[in-house]
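Me: Please take a close look at one part of this model, the salt bridges, and then set that part in the context of the whole chain. Keep it brisk.

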Amino acid sequence: MEYDPLQDKQRHDTFLVKNTVHRGVLAATLITGLAIVGGGALALGLVTLPEQLTWGGWLTIGVTLGAFLLNALTALPADAIFLAALAILLLTGVLDTATALAGFSNPGMMTVGVLYVVVAGLQQTGGLDIISRTVLGLPKGQTTALLRLILPVLGMSAFLNNTPIVAMFIPVVSDWCRKLRISPSKLMIPLSYAAIMGGMCTLIGTSTNLVVNGLLVSETDYPGLKLFDLVPVGVPCAIAGTLMLVLAQRWLLPQRKPAITDTDDPREYTVEMVVENHSPLAGKTVEQAGLRHLPGLYLTEIQRGGRLLTAIGPQEMLQEQDQLVFVGMVDSIVDLNQIRGLQPATDQVFKLDTPRTERTLVEAVVSNTCPLVGITIRQGKFRSRYGAVVLAVGRNGERLSGKIGDIRLQTGDTLLLEANPSFLEERRASRDFYLVSEVPNSDPLRHDRAPIALVVLVLMVALATSGWMEMLNAATLAALLIVITGCCSFQQGVRAIDWSVLLVVAAALGLGKALEVTGAAAVLAGGVLGLAGDNPWVALAIVYGVTTVLTEVITNNAAAAVVFPIALSLSQSLGVSFIPFVVALMIAASASFSTPIGYQTNLMVYGPGGYKFTDFMRVGIPFNLAFWLLTVLITPRVYPF
């Protein structure tokens, strides 16, 4: 029977849909079972519950705990688990439809989604590479890399919104990790934590600080805090957090996604590039041009006029029209193809009938029925026949010599092609190739638009930080400008959005709202705070502890809003100043380290870092305990009771 790729694709898509549904149903069943077990324990009197908590509140607590346990103990995807948990609360009537779906229109969730488009524009113009070279550089070891990442992010997030900073750095750090051969899981959590720690240091560092300060002014006779009033507490916490990440990185930070190595990809290509006239690389050494830091890629020779240079050293000076021959893996060749001032040595690339910015890189494996087997690429007139240009050829790890056009094709050769978008659909069922697949993130960069993308980024941050616009409005304006100015296409922007992260954010917000509207959060907080007695130090420690636990499962602002009136009443009954409680509340509400849903930036690095749910507990619980201790010890000495 003849192979039909369209039917195969339809079968594959159907399988994905069914698999997703099955996983969602399994998650819902398991969550329901855990909730029933909790209800059974209550019915048997194994757990004592406050009288003021309704069945809906206890169901919400059971479903939330079930979702956490499934994330921690199973391989089910986080989006399926949280959507299933939200569905249970909707179907049981704990949440009405509007409240259950409110998370999908939440400004924070929408902001994260829009920022993916902004980041896509920076990526497609090479703006991220400029940021990476300027801010991060190429440190020698992992410890130096941690410091080079943490310190600027921490400083920026003290005055700027955390979300755009992390969104801007995620793809930069991903690319940086490949170049440094460091696992992304070693740097993504520090990226998020650095943004969180920076936000604790000033009044404008996070929206939570501003919310609590607003409550302080409106609900009490105390004046609002000043910009740097959090510095005596926030900075020691940030220093302690940085030291923990640097000194205990081996034990705290997981090794989830392996760093790229020379053996990760058995396909080894030979590719030729030429240094353009007036290229910024001309006059630089090989090392200064960044051509020695692409993992798994080797510069084997330089053809300069009639001379052939071999055994290329790092201090070899590049000249215009140098033809550089590289051997390496496809990911690094993609990076090579996006370096400003380099272009493929073949002039056939410029004879394709679409602009380079609209083309893509494709891998194709030559079949035994291909008419070009046994003849050279030039003799077979590859571009005319297929509407694509061969950039590189791979053959069982063999290093092929000579120019690309002179390579004689064999069955099983893997070709790296630059092609029009239509090539994939036209050739996917062709008998000339065993396999045709697109290379991810291989769109040619629009280097001439990089200044525009960077200006848009600065404008977005300035508008959001100054208060002229809400973060969502500033991000939306930036995304529109990115697309309108041609920094990236609309399709590229949509492809850049990580929909699974957005689903987790939206569903987690729904669970947090359920804890809030059923009164479960307030009852639990009030019950624990009732243990404070008449000791203000103990009361401060309990206020911090309750807030930091709540902020891991509901939004930071909601946690602060729930605890604020209880802490105010507690301080009044003790006859002490409320300011230490306000400071502790601000720090605790921002200290969301132990779960990926505790803070937006944790969610944003969850996928790129390849983390498991428990990784955040492993790193975050020591952080929460350290920040708890420091805040309780320092705050009353700076702001006495």
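Reply: Arginine 395 is buried, at 10% relative accessibility. Its salt-bridge partner is aspartate 413, with N and O 2.8 Å apart. Aspartate 413 is buried too, at 1% relative accessibility. Both residues lie in the loop between S7 and S8, so the bridge ties together parts that are 18 residues apart in sequence. Both values fall under the 20% cut-off, which means that each partner counts as buried. This is a predicted model, and side-chain atom pairs count in it only at pLDDT 80 or more.

The general point is simple. Side chains of opposite charge can pair when their charged atoms come close. The count here comes to four salt bridges.

Take arginine 304 next. Arginine 304 forms a salt bridge with aspartate 322, and the closest N and O atoms are 2.8 Å apart. Arginine 304 sits in strand S2 (residues 297–304), while aspartate 322 sits in the loop between strand S3 (307–310) and strand S4 (323–328). The two are 18 residues apart, and the pair links distant parts of the chain. Arginine 304 is buried at 12% relative accessibility. Aspartate 322 is buried at 1%. There is also a third member: Arg304, Glu316 and Asp322 are linked in a network of salt bridges.

Now the bridge between aspartate 406 and arginine 378. Their side chains meet at 2.4 Å, N to O. Aspartate 406 lies in the loop between strand S7 (388–394) and strand S8 (414–419), and arginine 378 lies in the loop between strand S6 (360–366) and helix H14 (382–386), so the pair ties together parts that are 28 residues apart in sequence. Aspartate 406 is partly exposed, with a relative accessible area of 45%. Arginine 378 is partly exposed as well, at 49%. Neither value is under 20% or over 50%, so both residues land in the partly exposed class.

The loop between S6 and H14 also holds lysine 381. Lysine 381 has a positive phi of about 50° and is not a glycine. Most residues other than glycine have a negative phi. Lysine 381 is exposed, at 58% relative accessibility. Histidine 278 also has a positive phi, about 60°, and is not a glycine. Histidine 278 is placed in the loop between strand S1 (269–275) and S2. Its relative accessible area is 74%, so histidine 278 counts as exposed.

Arginine 449 offers another arginine contact to inspect. Its side chain reaches the backbone oxygen of threonine 485 at 2.3 Å. Arginine 449 is placed in the loop between strand S9 (433–438) and helix H16 (450–466). Arginine 449 is partly exposed, at 28% relative accessibility. Leaving aside neighbours within four places in sequence, arginine 449 is in contact with Thr125, Thr485, Gly486 and Cys487. The C-alpha atoms of arginine 449 and glycine 121 are separated by 9.0 Å, with their positions 328 residues apart along the chain.

Serine 183 gives a polar contact without a charge pair in view. Its side chain makes that contact with the side chain of serine 185, at 2.7 Å. Serine 183 is found in the loop between helix H8 (162–180) and helix H9 (188–199). Serine 183 is buried, with a relative accessible area of 2%.

Then the nonpolar side. Phe159, Ile204, Leu210, Leu227 and Phe228 form a nonpolar surface patch, with about 420 Å² of accessible area together. Leucine 227 has its place in the loop between helix H10 (207–219) and helix H11 (231–247). Leucine 227 is partly exposed, at 32%. For rings, a search of the whole structure finds 13 aromatic pairs. Ring pairs link Tyr222, Trp537, Phe578, Phe581 and Phe641 into a cluster.

Last, the whole chain. The secondary structure comes to 25 helices and nine strands. Of the 641 residues, 54% count as buried. Among contacts with a separation of 6 or more, 79% come from residues 24 or more positions apart. The accessible surface comes to about 27,800 Å², and carbon and sulfur atoms account for 61% of that surface.

Conventions: Residues are numbered from 1 along each chain as its sequence is written. This is a predicted model: local features need pLDDT of at least 70, side-chain atom pairs count only at pLDDT 80 or more; totals for chains, interfaces and linings use all residues. Side-chain values use heavy atoms; hydrogens and water are left out. Rings of Phe, Tyr and Trp (its six-membered ring) pair if their centres lie within 6.5 Å; planes under 30 degrees apart count as stacked, over 60 as edge-to-face and the rest as tilted. Helices (H or I, at least four residues) and strands (E, at least two) are DSSP runs, numbered from the N terminus. Buried means under 20% relative accessible area, exposed over 50%, partly exposed in between (1.4 Å probe, protein chains only). Contact means heavy atoms within 4.5 Å. Accessible areas come from the Shrake-Rupley method with a 1.4 Å probe; for residues, only the protein chains shown count as cover. A polar contact is a pair of N or O atoms within 3.5 Å; within protein, one must be able to donate a hydrogen and the other to accept it, and residues adjacent in sequence count only if both atoms are side-chain atoms. Patches are made of residues with over 30% relative accessible area and no salt bridge: like charges are joined within 9 Å, nonpolar side chains (Val, Leu, Ile, Met, Phe, Trp, Tyr) within 5 Å.
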